[in-house]
Each structure stands twice: as C-alpha cells, then as structure tokens.
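Here is a report on how one sheet is put together and what packs on it. Keep the sequence and the 3D view at hand.

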Amino acid sequence: MEHVLHLYQEESCLLDALADFVAEGLRLEEGVVVIGSTPRWDMLLERLRIGGVDAHARVLSGQLRLLGTHLLRASLAHRQRFNELASGALSIARARFERVRVFSELTDALWRDGDRANAHVVERYWRPLLNVHGFKLLCACPIDSLEGQAYDGSLQALCAAHTHVHPAFDEQGFEEAVSGAVAEVLDTQLARMLHALSGAHRPSAQMPPGQAILFWLKDHMPRTAEKVLSRARARWSEH
C-alpha cells in the first residue's frame, strides 16, 4: 500500500507531478483512475500529449479513466455510498489490470474550499479501501510547508494519514533551502544535533529529511523554527 501526499503551491507543479504519476502507470501497463474535475483532466491530457503519451488511445482502451470529483464528494456524508463508488471504479480497473493507481483530487478540492473537516474525512475513508484493493494512491493539497501557518496541526494530521509526503515537486531544491537555512541559523554542532534528533524522531510517513527537520523544530524549538522557515523561504524564492 502506498498513499502519497503531494503538497503544491502552483498548479503547473501539481500538473507536472500528476503527469509523471499517470505516465509511469501507463508505461507499466497499470490501470489508472483519475478522480478529478474536467478542467484538470483536460490539462492532464494535454501534458501527457506534450510528453509523447497518446492519452486518448489509453482512454479508449480503458486503461486511463476519469471519475468526476463531484460524484465522490456528494457521497461524503454516506460512507457506504463512497465505498461503493470508489470500489466500483477500482474493481473495473482491476478486472483488466493486475495493478492499479489512482489520483484523487478530493482532498485538494475540499481544502481549497475551506472544508478541512471533510478533507480529513476523505483520508480516513481511503485507508480500508487501500488495504482491500492494494492500489497506489496519490493525493494533493495546496499547502506551502515553508509557511509557519501550515503548522497549526493541519499539515501534521494530513501527513499522518499518508505513507509518503512530497513537500515540493523540486525536492532537491526544497532540501537545499532547508539545509542552507539551518546552517545559517544554527552553529555547526547544533545543526548536527538537529539532524540526528529529527532523524531519530521522524514522523510515521516517509518524507525528505528537510521536512522532518521542520516538524521537529516546530514541536520543540518554535522560535528557531520561525527563523529557519524565514531563511528557507528566502532561499526557495531564489532557487
């Protein structure tokens, strides 16, 4: 089971990550289900076309399918109905393909609309389905993990609901921004201690070391965390 959370600030970055996720699944002969809106679906098909993938042929063959976000969103008040819709889409894909991957826009759409409660509900709904159907799930959320306000408990809760977290499409750039900021704010000995402590007390979800460092700092050294975040934001804007 792999339940991935991709954080993003710009639509283009999310589309890049989504196109890579879908293209990889198509290349590996997996069934791919996109739970999304029509505008994002159209942009995804265009990205795939530009990348040399005949997405329309994959749609016609049934390997690539769209399930409208509005259908599952309307079922959130009735978990059984949500399970029926999601399981139905997964079963259709599994009937022809041994492995299946899914992109879900649900958390993203709910978060953008300010409905954080249901965004967390969706993540709870996915867990048993992942255990039963054994698919790979990619979720997205418009959160900037270099902003202090993201650490009000919301980001921590979302990360805890996933197995993997990607805080930026350019993870190397993100890591360089955080590590450089830590080196600016802390002396060498303290920086080494920070790396050791954050590594020893990592969150359950797999994530880049820089993100684990920010979580540890916010929990144990909030004032230092704000300084590191400020310098990391400045570095990130320049990269």
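The text below covers the sheet, its strand pairs and the helices against it.

This is a predicted model. Its open sheet has six strands, in the order β3-β2-β4-β5-β1-β6. The pairing is parallel. β3 (64–68) and β6 (164–166) stand at the edges. Each has a single partner strand, so one side of each lacks a neighbour in the sheet. On average, neighbouring strands are turned by 20° against each other, direction ignored.

Three of the strand pairs are listed here.

| Pair | Sense | Bridges | A bridge or opposite position |
|---|---|---|---|
| β2 and β3 | parallel | five bridges | V33 with R65 in β3 |
| β4 and β5 | parallel | four bridges | S104 with C139 in β5 |
| β1 and β5 | parallel | six bridges | V4 opposite L138 in β5 |

β5 (136–141) takes part in two of these rows: four bridges join β5 to β4, and six join β5 to β1. How many of the six residues of β5 are buried? Five are, so the strand is largely enclosed by the rest of the structure.

Now the helices. Helix α5 (residues 79–96) lies across β2, β3 and β4 (100–104). The helix runs at about 145° to β4. Helix α7 (residues 116–133) also packs on the sheet. Its contacts are β1 (2–7), β2, β4 and β5. The direction of α7 makes about 150° with that of β1. Both β2 and β4 are thus touched by α7, and α5 lies across β2 and β4 as well.

Notes. Residues numbered from 1 in each chain as written. Predicted model: local features only at pLDDT ≥ 70, side-chain atom pairs only at ≥ 80, totals over all residues. Heavy atoms only, no water. Pairing = 2+ DSSP bridges. Helix = DSSP H or I, 4+ residues; strand = E, 2+ residues; numbered from the N terminus. Axes fitted to C-alpha atoms, helices over the stretch in contact; angles between N-to-C directions. Contact = heavy atoms within 4.5 Å. Buried < 20%, exposed > 50% of the residue type's maximum accessible area, 1.4 Å probe, protein only.
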